[in-house]
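Visitor: Could you take me through one part of this model up close? I'd like to follow a single strand and whatever sits around it, then wander outwards from there.

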Amino acid sequence: MTLHLHADHKPHKPEANNKHYRLLPAGAHIVQPGKVRFRIWAPNAEKVWVVLSEPQADDAPHAQQAHEMSADATAGWFSQEVAAHAGSRYRYRILNKQGHELLVPDPWSRAQVDSVHGDSIVVDPQAYTWRHPGWTGRPWHESIVYEAHVGCMGGFEGLRTQLPQLAAMGFTAIELMPIASFPGERNWGYDGVLQFAPQFSYGSPDQLKALVDEAHGLGLCVYLDVVYNHFGPEGNYLAHYAPQFFCHEHQTPWGDAIDFAQQEVIEFYGENALYWLEEFQFDGLRFDACHAIWDPAFLVSIAGRIRTEFHDYRHIHLIAENDHNSVTLLQNGYDAQWNDDGHHALHVLLTGETSGYYADYTDNTIEQLARCLGEGFIYQGEVSAHRNGSPRGEPSSEMPPSSFVLFLQNHDQIGNRAFGERLITLVPEPALKVATALLLLSPQVPMLFMGEEFGATEPFLYFTSHSDPGLTHAVREGRRAEFAAFPQFQDTSLVERIPDPNAESSFEQSIPRDRQTKAQAAWRAWVTHLLHLRHEHLLPHLGHCRALRYAAFGTHAVHAQWQLENGDMLTIAANLGAVNAARHLDQLVSGPAQILLDHGNAHAALQAGEMPACSIFVCLEHPQA
């Protein structure tokens, strides 16, 4: 069959240029061969030097040259042009106004040698020659997302080699967990401190560009997870020379909030977003934990800036993670939000777990899932018991299904479990197959987590590689204390068995491995079949899709109907439970229909008035025929 790899309509693109490049207002900029301009915002600095570190013969210590930088006319900025070249190593030596001197990496560094504590590298951002400079992306509703941790996939090069198989299966987008430089060699990425430098242990900036380039050649978009709500606990030196970056008035789970009232801060993150989109040709950004950003105006303004820069030029997609269920963002520049509500309802139905935030989904769970399919958010202003009785969410029924990214698993929902278990080890396979079909054939944008496509059984654990022993201890003990509060962890020996995040084994155990077993081959075939059905029958018509009706029946069964852009009506009925549920086919469809999926003998049973356990029925009606 033919997969729909390109949209019918693409934005106009000016004359192709294979030298994609973002001229940043700070950092190291090659002004001509052999000369580099360095610039940094350091409002708490008395003096600043750029210290070049050049390698010597015979493994001798690097020779260092310090060049004092001049204060710019703009308050707080320092700059200097010195003799240097692509590949030169450097750091800044900063004497702050309190009389303390410190050697720090460049906060605008495009690459690091081997650590967030060490040398930054002068990079020629125009050195890479793009093979697909004319790529303009795909419409958002065509997204079928594969979330990946680059380190677990073998770095930029390792992931690049796996792209052809993912594209052949039917994925249309890869979403990378954060790649901004973090402490050590392994981390989830949410501890990033150098926002412009791809993590050194994953590969070079040019290897990242090659990954994105290869994806585009296969018709795949690439989205990047960015963290603009906090810096990691190790390697952030901004407080030494730019404490104005933070404000004590607002607090986050990670400490003082970033001060988005500062113009320099707004510019830093705006340029970072545009840097990834322009210089690396990412097709979109996923904004982590928007609810932890105290100023929602920043989120609206950065989206507006991105839309202005790429207007009528490329498809650029912006995705929010936002516990507030804010429709306001979806109406102001954001294509979609991760639908945690949908995940939580599905998880409770599949596992029966009701602790923590799942407590909000224990009553009328199947009705909640039905509402998710028809309206997007489950909580649209209702009181959340988990949030101390506070109302949560905004009305979302008028939003199209593509405004919501639906998933059964992601890095958080697996990795924030004490032992990182995947659903395939927690849920009977027949129920999980039905849930996967519901996910991949409903009009919301589906997302799978790496390894989910072949039924990986390896856990995804929380892992770090901090160098500070005190921080290592605090992270390990803090995580164990967090789980000790749950009833199932009253056995202290169980708490002690929670893996140490800083142990290398925690990372190694988290790598999904396709062992080519019959079970894995069968699971991959099931996912591939579902993705091909989505491509052939749904993907071309998901634009301007709208929900028509939805309802729950029984304790674990649901049906919903949507009108597609071409006028066809998509109907899905799914029973996730272990018992049959009363429902007649006439209650689902009104006339002749094209059956897309009949799993578990659902069609024949529905004709007799009953929906079998662990079954799903999907069909299209063609009213115009």
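Guide: Here is a walk that starts at one strand and moves out to its neighbours.

One thing up front: this is a predicted model. Let's start with β23, residues 445-449. How many of its residues are buried? Five of its five residues are. Side chains in a regular strand alternate between the two faces of the sheet. On β23, V445, M447 and F449 sit on one side and P446 and L448 on the other, and both faces are covered.

Now for the strands beside it. On one flank is β10, residues 145-148, which runs parallel to β23 and is joined to it by three bridges. If you want a spot to zoom in on, Y146 stands opposite L448 in β23. On the other pairing, β22, residues 404-407, also goes with β23 in the parallel sense, again over three bridges. There, L406 has P446 of β23 as its bridge partner. So far that gives you two residues of β23 to click on: L448, which faces Y146, and P446, which pairs with L406.

Keep going past β10 and you meet β11, residues 173-176, which is parallel to β10 and linked by four bridges. Y146 turns up again here, with I174 as its bridge partner in β11. Where does the chain of neighbours end up? It closes into a barrel of eight strands, in the order β10-β11-β14-β17-β18-β19-β22-β23, with parallel pairing. On average, neighbouring strands of this sheet are turned by 30 degrees against each other, ignoring direction.

Helices lie across these strands too. Helix α10, residues 429-441, lies across β22 and β23, and it runs at about 135 degrees to β23. Elsewhere on the barrel, helix α5, residues 296-309, lies across β17 (284-287) and β18 (317-320), with an angle of about 165 degrees to β18.

Next, a helix pair. Two packed helices are described by the angle between their axes and the distance between the axes. For α1 (residues 155-169) and α2 (residues 205-217), the axes come within 9 Å and cross at roughly 10 degrees. Angles under 35 degrees count as roughly parallel, and α1 and α2 are therefore roughly parallel to each other. The α1 side of the contact is F156, E157, L159, R160, L163 and P164, while α2 brings Q207, L208, A210, L211, E214 and A215. Sorted by class, that contact has eight nonpolar, one polar and three charged residues.

While you're on α2, have a look at D213, which is found in that helix. Is D213 buried or exposed? At 0% relative accessibility, it counts as buried. The side chain of D213 has a polar contact of 2.8 Å with the side chain of Y128. Leaving aside residues up to four places away in sequence, D213 touches Y128, T129, W130, R131 and H132.

For contrast, finish at a sheet that stays open. Its four strands come in the order β1-β2-β6-β5, with antiparallel pairing. β1 (27-32) and β5 (70-71) are at the edges with a single partner strand each, so one side of each has no neighbour in the sheet. β1 runs antiparallel to β2, residues 35-41, and five bridges join them. One to pick out is G27, whose bridge partner in β2 is R39.

Terms used. Residues are numbered from 1 along each chain as its sequence is written. This is a predicted model: local features need pLDDT of at least 70, side-chain atom pairs count only at pLDDT 80 or more; totals for chains, interfaces and linings use all residues. Side-chain values use heavy atoms; hydrogens and water are left out. Two strands pair if DSSP finds at least two bridges between them. Axes are lines fitted to C-alpha atoms, for helices over the stretch in contact, and angles run from 0 to 180 degrees between N-to-C directions. Angles under 35 degrees count as roughly parallel, over 145 as roughly antiparallel, 65 to 115 as roughly perpendicular and the rest as oblique. Contact means heavy atoms within 4.5 Å. Ala, Val, Leu, Ile, Met, Phe, Trp, Tyr, Cys and Pro count as nonpolar, Asp, Glu, Lys and Arg as charged, and the others, Gly among them, as polar. Buried means under 20% relative accessible area, exposed over 50%, partly exposed in between (1.4 Å probe, protein chains only). A polar contact is a pair of N or O atoms within 3.5 Å; within protein, one must be able to donate a hydrogen and the other to accept it, and residues adjacent in sequence count only if both atoms are side-chain atoms.
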